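Here are some exercises to work through with the model open in your viewer. Try each task yourself, then follow the solution step by step.

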Amino acid sequence: MAFHGSARPTVCGNLFSGSELDHKYFCVNTTTGATSSALTKTPRSAEMEPDRPIGYGAFGVVWSVTDPRDGRKVALKKMPNVFQNLVSCKRVFRELRMLCFFKHDNVLSALDILQPPQIDCFEEIYVITELMQSDLHKVIVSPQPLTTDHIKVFLYQILRGLKYLHSAGILHRDIKPGNLLVNSNCLLKICDFGLARVEEPDPSRHMTQEVVTQYYRAPEVLMGSRHYGPAIDIWSVGCIFAELLGRRILFQAQSPIQQLDLITDLLGTPPLSAMASACEGARAHILRGPHKPPSLSVLYMLSDGATHEAVHLLCRMLVFDPSKRISGSDALSHPYLDEGRLRYHTCMCQCCYSVPSGRVYTRDFEPAAERLFSHSYEESMHSVWQGKEFIHRFITEHQQGKRVPLCINPQSAAFKTFIRSTAWHSSKVSRKEER
Ligand SMILES: [Zn+2]
């Protein structure tokens, strides 16, 4: 790949105002004590107070805070309803393990987990991640200019992160602009793994359809397919790509059926072979309606940035039949993304570096995961109490030999504010528990 000598200066610097987040400290005590009784009794001067919520995932609430150990601004996520039942226990443990497993610049990972109290008092889990200033939803609805260069570098990073997740055998299942965090120099990270799960190799095993925010939901899920794969995430990326170009949601319907109708308005009536896994009712709905021809040429009208190359890639993602939809790694080979790759590895990445004679590029621009994510531990989790033991042990072992552990001071006023802000959300999300 010709990566040398054609670097351009970044245009990403002015995308955000940069002054949006001005943090206070969060009320967390640092402690060096080994016994849990000491955890809330050794306050240091560097206490943190919560500032304000910065986002709500499918599960959990996120606050911006300052790490008292180094003054670094980070994000604090409380994972709610952890020990409500075995299903939520498994879900939270899965998300926690994923956050600790990820090692990729375009995927959000755990920097730390707050030290849990003794197991009898262990009710909540708090995870610290890198703090990002905004997300793609906020960028899209803002008046800030979004150039072709921005779109290319964003799309490149989304696919780069997704290739990594899929190579680890993980389906995200809720790819949407709000789950793509960005900072002021356009670095992008995929976040919120509350609905993520391991790919199911056995097609006879049913998977839940309670996934993916409706506007970004793939046709196979809308049509009731009981088994699906990484292609559902690629569909979502296609919708987001079109949204970046047109700065409006591509398929904005009121109901799942209308969602399907909008999709077939654009792609045309699918052939029977593309509906092989659909449920009978959904197939009948499509066949009952008028035969629609495809109208993909309207994609050229999304914006001036909708060039032939852009629309070509978009049309490879927005394919009705998941078996014919482009994969993440194949999409990365599309010429539309060459400039995004160049920009990313010239001035944004951690994998390449500059020397006086020029830039030294990595051998692997889009690395896969080193191994598959394992969820075999879930089979041996049979009760909430057992889950509590598993998670407590996991956090304790994860922290061993690392930095001075952080823990919450539940007596502080700031912590009470934080808890109040998370309480209403917990009740809202509890109904979204899934198999
Ligand atoms: Zn690089």
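**Exercise 1. Find the place of D192 and describe its backbone and surroundings.**

Step 1. D192 sits in the loop between strand 10 and strand 11 (197-198). Helices (H or I, at least four residues) and strands (E, at least two) are DSSP runs, numbered from the N terminus. Residues are numbered from 1 along each chain as its sequence is written. The model is predicted: local features need pLDDT of at least 70, side-chain atom pairs count only at pLDDT 80 or more, and totals for chains, interfaces and linings use all residues.

Step 2. Check the backbone: D192 has a positive phi of about 60°, although it is not a glycine. Most residues other than glycine have a negative phi.

Step 3. Count neighbours. A residue is buried if 20 or more other C-beta atoms lie within 10 Å of its own, exposed if 12 or fewer, and partly exposed in between, with C-beta atoms placed from the backbone. D192 has 25 C-beta neighbours inside 10 Å, so D192 counts as buried.

**Exercise 2. Do the same for R247: which loop holds this residue?**

Step 1. R247 belongs to the loop between helix 5 and helix 6 (256-267).

Step 2. The phi of R247 is positive, about 55°, and R247 is not a glycine either.

Step 3. With 15 other C-beta atoms within 10 Å, R247 is partly exposed.

**Exercise 3. Work out the order of the open sheet of three strands, and name its edges.**

Step 1. The order is 7-9-10, with antiparallel pairing. Two strands pair if DSSP finds at least two bridges between them.

Step 2. Strand 7 (134-135) and strand 10 (188-190) are the edges; each has a single partner strand, so one side of each is left without a neighbour in the sheet.

Step 3. Strand 9 (residues 180-182) and strand 10 are joined by three bridges. One of the pairs to look for is L180 with I190 in strand 10.

Step 4. Now add a helix: helix 3 (residues 148-167) lies across strand 9 and strand 10, at about 35° to strand 10. Axes are lines fitted to C-alpha atoms, for helices over the stretch in contact, and angles run from 0 to 180 degrees between N-to-C directions.

**Exercise 4. How do helix 3 and helix 10 pack?**

Step 1. Two packed helices are described by the angle between their axes and the distance between the axes. For helix 3 and helix 10 (residues 338-347), the angle is about 80° and the axes are 8 Å apart.

Step 2. Classify the angle: helix 3 and helix 10 are therefore roughly perpendicular (65 to 115 degrees).

Step 3. List the meeting residues. Helix 3 brings residues including D149, L155 and Y156, which meet a set in helix 10 that includes E339, R343 and Y344. Contact here is C-beta atoms, placed from the backbone, within 7 Å.

**Exercise 5. Which residues touch the most other members of the largest nonpolar core?**

Step 1. A nonpolar core is a set of buried Ala, Val, Leu, Ile, Met, Phe, Trp, Tyr and Cys residues joined through C-beta atoms within 7 Å.

Step 2. This core has 102 residues, and I158, V182, V237, F241 and M317 touch the most other members. Helix 5 (residues 231-246) gives the largest share, 11 residues.

Step 3. Both domain 1 (35-131 + 380-434) and domain 2 (135-360) contribute residues, so the core lies between them. The domain bounds come from an automatic or database domain assignment.

Step 4. Zoom in on F241: leaving aside neighbours within four places in sequence, F241 is in contact with L155, L314 and M317.

**Exercise 6. Trace the partners of strand 6 (residues 125-130), starting from strand 4 (residues 73-79).**

Step 1. Six bridges join strand 4 to strand 6, and the two run antiparallel. V74 stands opposite E130, and A75 has T129 as its bridge partner.

Step 2. Strand 5 (residues 110-113) also pairs with strand 6, in the antiparallel sense over three bridges. Here D112 has I128 as its bridge partner.

Step 3. Is strand 4 enclosed or open? Six of its seven residues are buried, so strand 4 is largely enclosed by the rest of the structure.

Key. Contact = placed C-beta atoms within 7 Å. Parallel < 35°, antiparallel > 145°, perpendicular 65-115°, else oblique.
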